[in-house]
Amino acid sequence: MASVDPQKVYDVVVVGGGPAGLMASLCLTTYGFNILHIDERPHPTTAGRADGIQPRTIEVLRNIGGVSNAPVPGGPIAGLSPIAGGGVAKKMISKGVRVYEVAFWDPTADQKLARTSRAPSCPEFIDVVDNYTLLLHQGLIEEAFLDEIEARRNLLRDPIPTPRSGIFRPYTLRDCRTLPSSDLLSSTHPVECVIEHGDSKAKHTIRSRYLLGCDGAKSHVRRCISGGEEGDGEWKGLITMQGEATDIVWGVLDARVKTNFPDIKYKCLIHSKSEGSIMIIPREANLVRFYVQLQSTEGGQIVSITRDKATLDICIARAKKIFEPFELEFGYVDWFSVYQIGQRIASQYTLDHRIILGGDATHTHSPQAGQGMNISMLDMYSLAWKLNLVIKGLGKPEILLPSYEHERRGVAEELLKFDGAYSRLFSGRGPDAKHLPGGVDAEKFIEMFKQNAFFTSGCGAIYFANELNALPGAKLLDGRHRRAFNPPGVKLVAGQRMTPGHVTRVADGNNVRLQQEVKMNGAFRIHIFAGDLRWTRPALEAFAAFIDSPDSFFERHRVSPGVPSSIVDGPAAVMNHDDHAKHTHTFNPFFTFLTIVGTHWYEWEIADLPSPLRLYRSQVYGDALFDHRVAEADTNAPLHRKFGIDMQKGAIVVVRPDSYVGAIVDLSEDGWLGLNDYFAGFLNVAPMKAKM
């Protein structure tokens with residue numbers, strides 16, 4: 001195949017071909033944009049690097065789904081979403097190793113090393129479908145992303161020629177800047193970057209609407225926009241990496257081993273008496289990942305082996321020493337690296353909201369807690385849907401773009417705080433590390449691991465009050481409809497993920513996961529919990545009439561006709577029934593409705609629901625499936641009870657395109673008028689509506 005050169009104009013340029021950049025590229029391609037994605041490496045990762053995918057990230061990957069390019073019998077169905085199958089999640093799960101339990105090994109009074117505790121990787125109190133950590137090397141993760149991106153590029157309306165892999169390699173960013181608006185192109189595509197081919201040295205000048213720097217801790221994008229000189233492995237300038245490093249050095253390797261250690265197939269956190277600590281994680285292809293603390297004893301003092309002197313042989317020797325009295329014989333070594341523990345965060349994620357940093361370009365930390373890749377991917381998952389709204393003219397850039405840093409910085413700061421304490425305690429540097437001669441407080445370490453499980457699962461990434469999260473403290477809750485928000489007793493919380501729930505899809509009787517029913521497509525999901533229809537029918541009918549009224553958020557916030565929210569829009573998939581109400585309801589791709597009824601569906605028909613809710617017939621559900629978390633509910637609307645929704649009053653729950661809850665209101669006039677205020681806070685009014 002002939003080589004493909006970059007074009008001159010793109011919607012978005014993504015720099016960096018690791019998991020963060022691939023998540024950005026996948027999401028933005030799904031939203032229908034042409035992406036220039038570059039990476040300075042000539043090939044994708046083939047071994048090692050990041051390897052742990054946490055439950056929340058698996059949940060996100062499941063929600064992204066997969067695209068099918070297979071021929072449709074009888075020809076394509078107009079408007080039918082091409083979404084199908086498990087996509088990236090299924091590909092990764094099929095190749096990875098699942099870790100459900102963690103074992104802790106420490107010296108005891110009568111044994112040099114003994115198992116002192118076990119704990120679930122994801123404790124029962126965390127409400128997830130996939131209650132495990134998935135382990136596979138970064139190359140397999142990248143491969144799954146690249147395959148899915150290529151499948152989705154085939155569905156773009158006017159795709160720009162791109163290499164088969166989807167990434168231009170090897171290309172290095174040489175410069176980037178935001179130009180003043182001096183002409184038509186500058187007003188729409190103000191970002192200019194210069195990229196250089198690693199072999200031919202050919203340079204290309206590219207224009208785009210936005211540029212995303214996902215190029216790691218030594219980010220060239222960060223250097224270009226912040227200026228400054230090289231120093232201590234970081235770039236200095238207008239954006240600085242704030243934090244600290246330690247002298248604690250660890251080696252990491254993936255290898256096949258022979259051993260009499262009984263828990264070699266478990267994730268284990270091991271503290272020796274005086275030789276340091278080690279973490280092992282089972283991996284695909286019968287590999288084991290070893291994180292080995294590199295230290296030695298000099299003059300009776302324990303000192304770290306310096307990074308420049310750390311070799312594979314030293315790492316293996318230290319691992320064998322820590323494992324004593326168990327035997328450890330190393331065979332094939334797939335990958336080896338060395339890192340020094342430190343925690344840093346960028347002083348700013350952007351200077352102008354046009355060139356934006358994410359992932360390791362904004363936060364660096366130790367890999368032991370298994371968070372770096374997950375946080376980085378979810379950075380881009382959070383940013384992409386906001387860019388989608390802004391580029392298509394629906395979102396207010398002055399609100400949505402700053403919200404990216406506001407929300408994701410808070411998560412990164414929590415990570416750095418946890419990682420600092422966790423990695424130091426694991427290395428025997430904690431403030432109370434005194435119980436063992438080597439300095440590790442085993443009980444305190446195990447306690448910290450368990451207490452932080454909610455955060456490390458990814459489910460504890462919580463956003464605070466802003467225009468997108470209707471929480472106390474947000475300006476929205478000072479408005480005239482404030483009492484309708486966050487009804488008493490409701491357990492869902494704005495700024496947190498929507499927890500799982502099983503319901504029955506009434507149109508076909510299938511039992512489904514509510515949170516996975518609408519795949520990532522850029523739309524807000526309006527969940528109407530209708531409770532007991534004997535009580536809620538009048539409010540349900542009034543809300544349905546409001547949706548089609550010209551003053552509703554559904555009608556006020558529209559884009560130009562023909563502009564989709566994504567390539568996986570599927571109005572025919574939900575509005576595929578012969579109903580005269582179709583003629584009075586105009587589909588809005590940025591909103592979709594899911595109606596969950598507490599009254600058993602044997603007692604009513606979809607046709608009994610008011611228009612337009614009944615038009616979304618494949619998104620009408622009955623709530624009667626047993627949930628062990630609310631066993632007392634039996635078959636009486638367990639999901640309503642799990643979420644704390646009053647059966648006599650109902651509620652409306654808005655879930656953002658990233659599956660975070662945005663707002664919860666009463667199923668009442670005050671409630672839906674409150675939603676008008678909520679969406680008006682960050683969405684533009686359609687031009688025709690604004691003139692009315």
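## A proline turn to begin with

Pro325 sits in the loop between helix H7 (312-323) and strand E19 (328-346), where helices (H or I, at least four residues) and strands (E, at least two) are DSSP runs numbered from the N terminus. The peptide bond that joins Glu324 and Pro325 is cis, with omega at about 15 degrees. This is a predicted model, in which local features need pLDDT of at least 70 and side-chain atom pairs count only at pLDDT 80 or more, while totals for chains, interfaces and linings use all residues. Residues are numbered from 1 along each chain as its sequence is written, and side-chain values use heavy atoms, with hydrogens and water left out.

A second cis bond is worth a look if you plan to check omega values: the one from Arg169 to Pro170, with omega near -25 degrees. Pro170 also has a loop address, between helix H4 (138-153) and strand E8 (171-178).

## The chain as a whole

The protein chain holds 17 helices and 28 strands. Its radius of gyration is 26 Å, close to the 26 Å that the globule rule gives for 692 residues, so the chain is as compact as a globular protein of that length. For that comparison, the radius is taken over C-alpha atoms, and the rule is 2.2 Å times the number of residues to the power 0.38. Along the principal axes, the C-alpha atoms fill a box of roughly 85 × 65 × 55 Å.

Of the 692 residues, 60% are buried; buried means under 20% relative accessible area, exposed over 50%, and partly exposed in between (1.4 Å probe, protein chains only). Among contacts (heavy atoms within 4.5 Å) between residues at least 6 apart in sequence, 72% join residues at least 24 apart.

## Surface and charge

The accessible surface of the protein chain comes to about 27400 Å², and carbon and sulfur atoms account for 51% of it. These areas come from the Shrake-Rupley method with a 1.4 Å probe; for residues, only the protein chains shown count as cover.

On the charge side, there are 76 positive and 79 negative side chains, and the centres of the two sets lie 2 Å apart. Here Lys and Arg count as positive and Asp and Glu as negative, with His and the chain ends not counted. Each charge is placed at NZ of Lys, CZ of Arg, CG of Asp or CD of Glu.

## Domains

The domain assignment gives domain 1 (9-94 + 135-238 + 347-416), domain 2 (243-343 + 425-456) and domain 3 (475-680). Such bounds come from an automatic or database domain assignment. The C-alpha centres of domain 2 and domain 3 lie 49 Å apart.

## Around helix H7

Back at helix H7, let us meet Phe323, which is found in that helix. With 0% relative accessibility, Phe323 counts as buried. Leaving out residues up to four places away in sequence, Phe323 touches Leu113, Phe261, Ile270, Ile278, Ile280, Phe290 and Leu328. Phe323 and Lys112 are 211 residues apart in sequence, yet 9.4 Å apart in space, C-alpha to C-alpha.

On the other side of the helix in sequence, Thr306 has its place in the loop between strand E18 (301-304) and H7. Thr306 counts as partly exposed at 39% relative accessibility. Its C-alpha atom and that of Gln295, eleven residues apart along the chain, are separated by 8.5 Å.

## The loop between H11 and E22

Leu471 is found in the loop between helix H11 (453-456) and strand E22 (502-505), and at 15% relative accessibility it counts as buried. Leaving aside neighbours within four places in sequence, Leu471 is in contact with Tyr463, Phe464, Ala465, Leu477, Asn486, Val493 and Ala494. Leu471 and Arg525 are 54 residues apart in sequence and 18 Å apart in space, C-alpha to C-alpha.

Asn486, one of those partners, is found in the loop between H11 and E22 too. Asn486 is partly exposed, with a relative accessible area of 26%, and has a positive phi of about 50 degrees although it is not a glycine.

## Two more residues to visit

Lys201 also has a positive phi, near 65 degrees, in a residue other than glycine. The loop that holds Lys201 runs between strand E9 (191-197) and strand E10 (203-213), and Lys201 counts as partly exposed at 48% relative accessibility.

Ser403 lies in helix H9 (residues 397-426) and is buried, with a relative accessible area of 5%. Not counting residues up to four places away in sequence, Ser403 touches Lys386, Asn466 and Leu468.
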